[in-house]
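Biologist: I am new to this structure and would be grateful for a guided discussion. Please display the sequence and the model before we begin.

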Amino acid sequence: MKIFLDANILISVLNKEYPSYTYTSRILSLVDNPRFEVYTSPVCLAIAFYFAEKKSGSKKAKQKIKTLCDHLHIAEATSSSVRKALQNPAVVDFEDGLEYYSAIENKCSHIITEDTGDFYFSKIEVLGSESFFKKYMMKTAK
């Protein structure tokens, strides 16, 4: 299963933001599970860096982002995804459109985000971290 992690999932893990950290950290751990391919985008990494830097400083934030990059698949933000986000009249938030089309172009079947309503236009499943955990990871653990 290919899943795409939105910036807020990465931020939750990097800054240990509770209560979502309980689920987001477990979802991020799927990078070591051969049944999952975990993706994010350069835009999500940049947003996560910004918030990690505010909490931990630039040096520590870069280390955290490097660790993520060593384990996650990084979805390319192509010119096609930019054009699709701009052309889709249902996409109001350009950044969300970029994330969505990056996920689509990398054949992800799910977007994991704490702001599920931002992807109201999505043709693929969009779940919050707790919902994804309960629906897919609890089955895996059994």
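Modeller: Helices (H or I, at least four residues) and strands (E, at least two) are DSSP runs, numbered from the N terminus. The model is predicted, so local features need pLDDT of at least 70 and side-chain atom pairs count only at pLDDT 80 or more, whereas totals for chains, interfaces and linings use all residues. Residues are numbered from 1 along each chain as its sequence is written, and side-chain values use heavy atoms, with hydrogens and water left out.

Biologist: In which strand does Tyr 39 lie?

Modeller: Tyr 39 touches Lys 2, Ile 3, Phe 4 and Leu 5, among others, where contact is counted beyond four places in sequence and means heavy atoms within 4.5 Å. His 73, Ala 75, Asn 106 and Cys 108 are also among the residues it touches. The element that holds Tyr 39, residues 37–40, is strand 2.

Biologist: Is Tyr 39 buried or exposed?

Modeller: Buried means under 20% relative accessible area, exposed over 50%, and partly exposed in between (1.4 Å probe, protein chains only). The relative accessibility of Tyr 39 is 9%. By the cut-off, Tyr 39 therefore counts as buried.

Biologist: How many Å apart in space are Tyr 39 and Glu 105, C-alpha to C-alpha?

Modeller: In sequence, Tyr 39 and Glu 105 are 66 residues apart. In space, their C-alpha to C-alpha distance is 11 Å.

Biologist: How many of the residues of helix 1 are buried?

Modeller: The buried residues of helix 1 include Ala 7, Asn 8, Ile 9 and Leu 10. Ile 11, Ser 12, Val 13 and Leu 14 are buried as well. Helix 1 is largely enclosed by the rest of the structure, because the number buried is eight of the eight.

Biologist: Which residue takes a positive phi just after helix 1?

Modeller: Most residues other than glycine have a negative phi, and most peptide bonds are trans. In the loop between helix 1 and helix 2, one residue that is not a glycine has a positive phi of about 45°. This residue is exposed at 52% relative accessibility, and its name is Lys 16.

Biologist: Which proline is joined to Tyr 18 by a cis peptide bond?

Modeller: The cis bond has an omega of about 10°. The proline is found in the loop between helix 1 (7–14) and helix 2 (21–28). It is Pro 19.

Biologist: Near what value is the phi of Lys 107?

Modeller: Lys 107 is found in the loop between helix 6 (94–105) and strand 4. Its relative accessibility of 65% makes Lys 107 exposed. Its phi is positive, although the residue is other than glycine, and lies near 60°.

Biologist: To what does the count of salt bridges come?

Modeller: Side chains of opposite charge can pair when their charged atoms come close. A salt bridge is a side-chain nitrogen of Lys or Arg within 4 Å of a carboxyl oxygen of Asp or Glu. By this rule, the number of salt bridges is four.

Biologist: With which residue does the side chain of Lys 66 meet in a salt bridge?

Modeller: Lys 66 is exposed, with a relative accessible area of 52%. Its partner also lies in helix 4 (residues 58–71), four residues apart, about one turn of the helix. At 2.9 Å, N to O, the partner is Asp 70.

Biologist: In which strand is the Glu 125 that pairs with Lys 135?

Modeller: The side chains of Lys 135 and Glu 125 meet in a salt bridge of 2.6 Å, N to O. The pair links distant parts of the chain, ten residues apart, with Lys 135 in helix 7 (residues 129–141). Lys 135 is partly exposed at 35%, as is Glu 125 at 25%. The residues 125–127 that include Glu 125 form strand 5.

Biologist: How far apart are the closest N and O atoms of Glu 130 and Lys 134?

Modeller: Both residues lie in helix 7, four residues apart, about one turn of the helix. Glu 130 is partly exposed at 36%, and Lys 134 is partly exposed at 45%. Their salt bridge has its closest N and O atoms apart by 2.7 Å.
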